[in-house]
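Colleague: Could you walk me through this model? I'd like to hear the reasoning behind the words you use.

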Amino acid sequence: MRARGLRNLRAVLAPVTAGMCVMAAAAAVLVPALGGGAGEGGAGREGASPPAVTHRAYGPGAAPAVAKCTAQNAAESLRPSPDDGAAVSRIKEKGQLVVGVDQNTYRWGYRDPVTGKLEGFDIALARAVAEDILGPHPKVVFKAVPTSQRIPALQRRTVDMVVRTMTINCARKEQVAFSTAYFQAGQQVLAPKASKVRAFDDSLRGKRVCTAAGSTGESELSAQRHGAKVLTVPNQLDCLVRLQLGEADAVVTDNALAAAQAAQDPAVELKGRPFTDEPYGVAMNKDDTDLVRRVNKVLEDYRGDGGPDSPWMRAYRTWLQADLPGISGPPSPEYSD
């Protein structure tokens, strides 16, 4: 199912040429926000109707033994449950949900230059989780965190969760917990249209390739550089700025993010094809198993039946369709228990 979803996504991705001024990278700040917000988004395995899910009774924090994490089962998560445990109760007692997000990635998590508000696919999903836990017009505190600080922020509990185009993989699951996948992406190369860079191959030899520290792009370049000189930055948007300043020759990042960057700068384009499988999940502290189950319950409702009127599809049309056309539905959930 995962391979089919990735093939579907590869088939529909194309360079985007709509121009837009690049937003400057911003420092991490706490931003109070009220209410549900525009746009709605969700999760599952792409293009398939999600299976019916039976909510089971679990004790607070219950986490059954699961199989060893592998590339084949990495996207599995705990079965959804609406029950409150220690983590959900803690959020209710605070009266607010603190979410680690990006505020510099167009379409996913960015500050609208006109309204000054945080918007995007990830922001809409975070608001949906907050509304489920705290009720109508919840108080949400969005905390901008760099790519490399997503896991430390969860471990130090400076945020309750991270909703920030974060790929689920086994290495990360040793440090934090994940929801089911809410979007399917893949690593790809972004470079100027006139560049001789063709793809993630030896055409990168001798080139300065930028990627975000702590990202899966950095992991892929560590495993195989193709002769490139690797430049790491705190946030992925910094790579587009380096590209525009002539300080980098290419970028390696998720194709979903690369498509958004191409929408901001018509002089660049996606090169080659996606070469990895990148399911995005909501990340939480590893001990907060009741919160994982609650988020998975939200995602179950969010993806609905996968049809055009589901919250996930409405969010897709609002935030992503212009730059990622042709996606027929969310990825289907995978459960470990």
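Colleague: What makes you say that helix H8 lies across E9, E12 and E13?

Modeller: Keep in mind that this is a predicted model. Helix H8 (residues 255-264) lies across E9, E12 and E13, and its direction runs at about 125 degrees to E12. Angles are taken between N-to-C directions on a scale from 0 to 180 degrees, so the value tells you about direction as well as tilt.

Colleague: Which sheet do those strands belong to, and what is the strand order?

Modeller: The order is E11-E10-E12-E9-E13, an open sheet of five strands with mixed pairing. Its edge strands are E11 (229-233) and E13 (268-271), each pairing on one side only. On average, neighbouring strands are turned by 30 degrees against each other, direction ignored.

Colleague: How do you know that helix H7 packs on the sheet?

Modeller: Contact means heavy atoms within 4.5 Å, and helix H7 (residues 236-244) touches E9, E10, E11, E12 and E13. Its direction makes about 160 degrees with that of E12.

Colleague: Why are E10 and E12 called a pair?

Modeller: A pair needs at least two bridges. Strand E10 (residues 208-212) and strand E12 (residues 250-254) have two bridges, in the parallel sense, so they qualify as paired. Valine 209 stands opposite alanine 250 in E12.

Colleague: What share of the chain is called buried?

Modeller: The cut-off is under 20% relative accessible area, and buried residues make up 57% of the 337 residues. The chain exposes about 13200 Å², with carbon and sulfur atoms supplying 52% of it.

Key: Residues numbered from 1 in each chain as written. Predicted model: local features only at pLDDT ≥ 70, side-chain atom pairs only at ≥ 80, totals over all residues. Heavy atoms only, no water. Helix = DSSP H or I, 4+ residues; strand = E, 2+ residues; numbered from the N terminus. Buried < 20%, exposed > 50% of the residue type's maximum accessible area, 1.4 Å probe, protein only. Areas by Shrake-Rupley, 256 points an atom, 1.4 Å probe, with all protein chains shown as cover.
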